[in-house]
Amino acid sequence: MDKRKRPDPKSLGGDINEQHEKKVLDMIRKNQGMGATTSELKSDKTIPPTLITRLVNSLKKKDLIREVPNMNNKGYKHFIAMEFQTSKELTGGDWYTDGSLDLSKIEDLKTKCVMILERQRHRHRVVTLDVICGYFDKQENLSVDQTKEILKNLILDNEIMEVKSNGLNEFAATRIGELCYKLAGKNSGNGEARAGTSFASMPCGACPSIGLCSPDGVISPGTCVYFQKWLDF
Amino acid sequence: MTTTEYGIVYAVHIITVQFGSVVSKVCEFLLRRGPLSSREISRLVEPDMSYNQVKDILCLLIQHNCVQAFSIEPPDGSESKATVQYIVLCNNILHRVRYNKFSRIVNEELDFKCGAVLDGLLSNGRLTLGQLIERDKDSGKPTGSEEIRESLQKLVADRFVERIPSPEPVLGNKEQELAKKKGSKAAKILKEPETLEERVLEAATPVDAIRFPHIFEQDSNSPLADNDSNIPEGKRKQRDVDSSDHNNEVIWRPNFEEFIRRLRHKACVEIVKERRDEGCAIVLKAMLEVGRSHEKKVKTDKSVPMSLSSIYEEVMKTEAGRTLVLERVEACLDQLSATSSYLPAFVIEMDDSYVVDFKSILSVAQKDEIEAVVMRRYGKEAFRMFRYLSQEGRFVETNKIADAALTEKKDTPQILLKMWKDGYLHMQKLVVTGSYVPFLLWKVNKLIVTKQMLDEMYHASLNLSLRLAHELELEKEVILLSSRERDKKIKAKGLLLSSTRFKLDDAIMIFHDF
């Protein structure tokens with residue numbers, strides 16, 4: 001006697017599942033670059049909450065959606081339809097790729113910016129914001145805001161400074177009041193210990209354990225390895 | 001600023017090295033517990049020291065200007081007598097490591113003979129003219145009493161040397177003084193409350209005419225003699241004991257205030273030279289000369305207003321300044337008055353007058369020093385975050401800091417926490433309804449950071465001194481076996497340690513004394 005094949009349980013509700021899947025995909029597509037989180041999907045009362053995970057996995061397998069972590073709210077994952085670019089709010093900003101900061105790209109842009117200013121320094125000239133924005137727009141496809149972010153970062157590094165033109169000397173080729181940039185100069189030291197900064201140039205200034213150091217302690221000036229290295233010449 | 005923990009430890013170390021641990025023990029009690037009477041000190045140190053030993057130590061510390069005696073007037077109607085208490089002058093203890101800087105000023109501004117007289121006062125604390133002459137006679141190459149007298153006169157005229165203060169001033173009872181003032185108006189015009197040390201020093205310091213006498217006679221009929229006609233009425237009752245010895249000779253001591261003022265001015269000129277140019281530095285130096293005699297206190301925020309003509313006149317007196325025309329001086333003043341995103345104005349222009357902004361100039365040096373430490377200790381990313389927060393001047397949330405500094409959001413909290421643990425950042429938690437995790441907000445609080453830096457610099461100075469002693473001990477052990485090369489190496493180490501301590505002291509003065 002042939003054994004009767006049991007009917008496939010999935011095929012019985014197959015149509016219903018497809019409908020639920022379509023509904024989930026619509027909800028995700030509706031929010032475009034922001035997509036939807038699991039809890040947002042579960043808020044729809046027409047779809048059984050226990051099915052959501054299975055439906056989402058099915059859509060992922062079919063390459064219709066992808067999962068993206070929320071950089072600003074760790075622990076939350078967003079599902080985004082493949083047709084849409086992930087929103088900056090989720091990625092963390094212009095400089096994030098796949099959830100990570102593109103440090104090499106940022107450093108590369110900063111180096112290029114410094115080189116532009118270095119070239120002009122030899123001619124005793126400053127560089128205007130317009131010129132820098134124009135260069136990065138053409139060569140790197142950066143927006144004005146992105147270029148300004150790079151410049152702000154270099155200012156924070158103390159490698160360049162922002163100045164307003166007075167129309168004289170190095171500003172001769174610029175309009176009075178125009179925003180310009182130039183290298184900070186060797187005296188600024190790029191944050192390194194400059195000639196006048198004495199504390200940073202000795203071992204205690206750089207020491208991460210200064211709070212644990214005491215005259216008779218385990219870490220003391222007599223036993224300090226940093227002092228030993230510093231005096232070992 | 002009250003003395004930090006390592007400020008106290010460092011001061012005690014200085015006294016221990018120069019006078020021994022017995023003296024430093026008394027000093028430490030005064031530093032940690034505040035003003036005490038000799039009986040109170042004696043009770044604290046017994047049985048290690050007798051009462052007479054304590055009195056001798058206090059006399060020694062007074063001789064070297066490290067301690068000042070005083071008493072407080074008992075309340076009206078009270079039958080109790082005023083008890084003499086002793087207050088330690090921590091600043092004067094810390095000045096002891098700067099004596100060669102003070103000597104250099106006098107050698108440069110006056111001459112080496114004046115320098116030799118000053119050295120006598122620095123090493124002995126306080127001396128009369130007679131004692132200075134005796135000291136000169138006992139030296140290998142005496143210069144003669146007339147030379148000594150002339151040198152002392154020059155030092156007093158330039159305010160490098162002063163008459164010693166009143167030995168035991170009596171302070172008015174503060175509660176009674178406050179009770180006498182009636183009404184809210186009187187309360188409003190009361191100036192900022194002084195510390196006890198400030199009140200004691202103010203009461204002890206004689207008026208300028210007595211402190212820096214022009215006429216230099218030494219007999220009892222002279223204007224200098226300690227009779228009542230020389231002493232203003234308000235201060236007469238404070239003089240329980242003469243500030244002269246039993247021969248009625250005036251007792252002199254170095255005037256640390258003037259040395260610190262000169263060093264402050266020198267530091268400001270250096271800061272301007274580095275950040276602007278030589279021309280601006282020459283103009284600033286001239287402005288400081290014009291305004292110096294009008295400065296009421298060392299740590300003055302701003303100078304008196306001065307005209308372009310008075311500045312130019314002073315500029316012309318210097319060799320370097322003679323090459324500057326009036327237009328160049330005006331251009332330098334414009335540069336000094338300019339504010340930019342990276343430098344504040346060093347000079348304020350108002351109504352055709354110019355005012356030096358000391359606070360602004362020194363803040364630039366302090367900022368550089370702090371940022372250099374942040375860079376070396378915590379790295380470049382922390383440096384960017386710290387500079388961003390310093391510019392913002394308010395609380396900022398972690399992710400916003402990460403965005404501004406272009407650092408990984410997941411790494412930013414750790415970097416900020418490291419700086420916070422060491423006292424370089426202020427942190428606050430912000431709980432928001434609906435959010436399980438509180439937001440962390442961060443800020444640079446300049447006062448807290450400055451105090452932290454100062455404490456660490458005292459600690460570092462102490463470490464340099466202890467390491468030098470350690471190296472010298474090692475040198476003694478190896479000297480019999482050492483080669484010439486090794487000798488050179490040990491000497492070079494000693495030089496590096498001493499010179500670093502010398503330069504670090506300049507940074508300490510920027511944060512504490514200037």
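A residue counts as exposed when its relative accessible area is over 50%, as buried when that value is under 20%, and as partly exposed in between. The views below show a predicted model.

**Figure 1. A patch of negative charge on the surface of chain B.** With 75% relative accessibility, a value over the 50% cut-off, Asp351(B) is classed as exposed. Asp351(B) lies in the loop that connects β9 (347-350) to β10 (353-356) of chain B. The patch gathers Asp351(B) together with Glu327(B), Glu330(B), Asp334(B), Glu349(B) and Asp352(B). Helix α18 of chain B, residues 326-337, contributes the most to this negative patch, namely 3 residues.

**Figure 2. A nonpolar patch on the surface of chain A.** Leu212(A), Val218(A) and Ile219(A) make up the patch, and their accessible area together is about 320 Å². Leu212(A) belongs to the loop between α9 (203-206) and α10 (225-231) of chain A. The relative accessibility of Leu212(A) is 62%, so this residue counts as exposed.

**Figure 3. The open sheet β6-β8-β7 of chain A.** This sheet has 3 strands, and their pairing is antiparallel. The edges are occupied by β6 (127-128) and β7 (160-164) of chain A; each has a single partner strand, and therefore one side of each lacks a neighbour in the sheet. Strand β6(A) is joined by 2 bridges to β8 of chain A (residues 179-183), and the two run antiparallel. Within β8(A), Cys180(A) is the residue that stands opposite Thr128(A).

**Figure 4. The open sheet β1-β3-β2 of chain A.** Its 3 strands are paired in the antiparallel sense. Strands β1 (36-37) and β2 (65-69) of chain A form the edges, each pairing on one side only. Between β2(A) and β3 of chain A (residues 77-81), the antiparallel pairing extends over 5 bridges. Ile65(A) has Ala81(A) in β3(A) as its bridge partner.

**Figure 5. A salt bridge between Arg32(B) and Glu5(B).** Over all chains, the whole structure holds 42 salt bridges. In the one shown here, the N to O distance between the side chains of Arg32(B) and Glu5(B) is 3.0 Å. Arg32(B) is in helix α2 (residues 21-33) and Glu5(B) in helix α1 (residues 5-19) of chain B, so the pair, 27 residues apart, links distant parts of the chain. Arg32(B) is partly exposed, its relative accessible area being 41%. Glu5(B) is likewise partly exposed, with a relative accessible area of 41%.

**Figure 6. A salt bridge between Arg98(B) and Asp505(B).** The side chains of this pair meet at 2.8 Å, N to O. Distant parts of the chain are linked here, with the two positions 407 residues apart: Arg98(B) is in the loop between α5 (90-95) and α6 (99-109) of chain B, and Asp505(B) is in helix α24 (residues 484-512) of chain B. Arg98(B) and Asp505(B) are both buried. The two residues also take part in a network of salt bridges that includes Lys101(B), Asp506(B) and Asp513(B).

**Figure 7. A salt bridge within helix α15 of chain B.** The closest N and O atoms of Arg262(B) and Glu258(B) are 2.8 Å apart. Because Arg262(B) and Glu258(B) are 4 residues apart in helix α15 (residues 256-275), about one helical turn separates them. Both Arg262(B) and Glu258(B) are buried.

How values were computed. Residues are numbered from 1 along each chain as its sequence is written. Chains are lettered from A and ligands numbered from 1 in the order in which they are written. This is a predicted model: local features need pLDDT of at least 70, side-chain atom pairs count only at pLDDT 80 or more; totals for chains, interfaces and linings use all residues. Side-chain values use heavy atoms; hydrogens and water are left out. Patches are made of residues with over 30% relative accessible area and no salt bridge: like charges are joined within 9 Å, nonpolar side chains (Val, Leu, Ile, Met, Phe, Trp, Tyr) within 5 Å. Accessible areas come from the Shrake-Rupley method with a 1.4 Å probe; for residues, only the protein chains shown count as cover. A salt bridge is a side-chain nitrogen of Lys or Arg within 4 Å of a carboxyl oxygen of Asp or Glu. Lys and Arg count as positive and Asp and Glu as negative; His and the chain ends are not counted. The place of a charge is taken as NZ of Lys, CZ of Arg, CG of Asp or CD of Glu. Buried means under 20% relative accessible area, exposed over 50%, partly exposed in between (1.4 Å probe, protein chains only). Two strands pair if DSSP finds at least two bridges between them.
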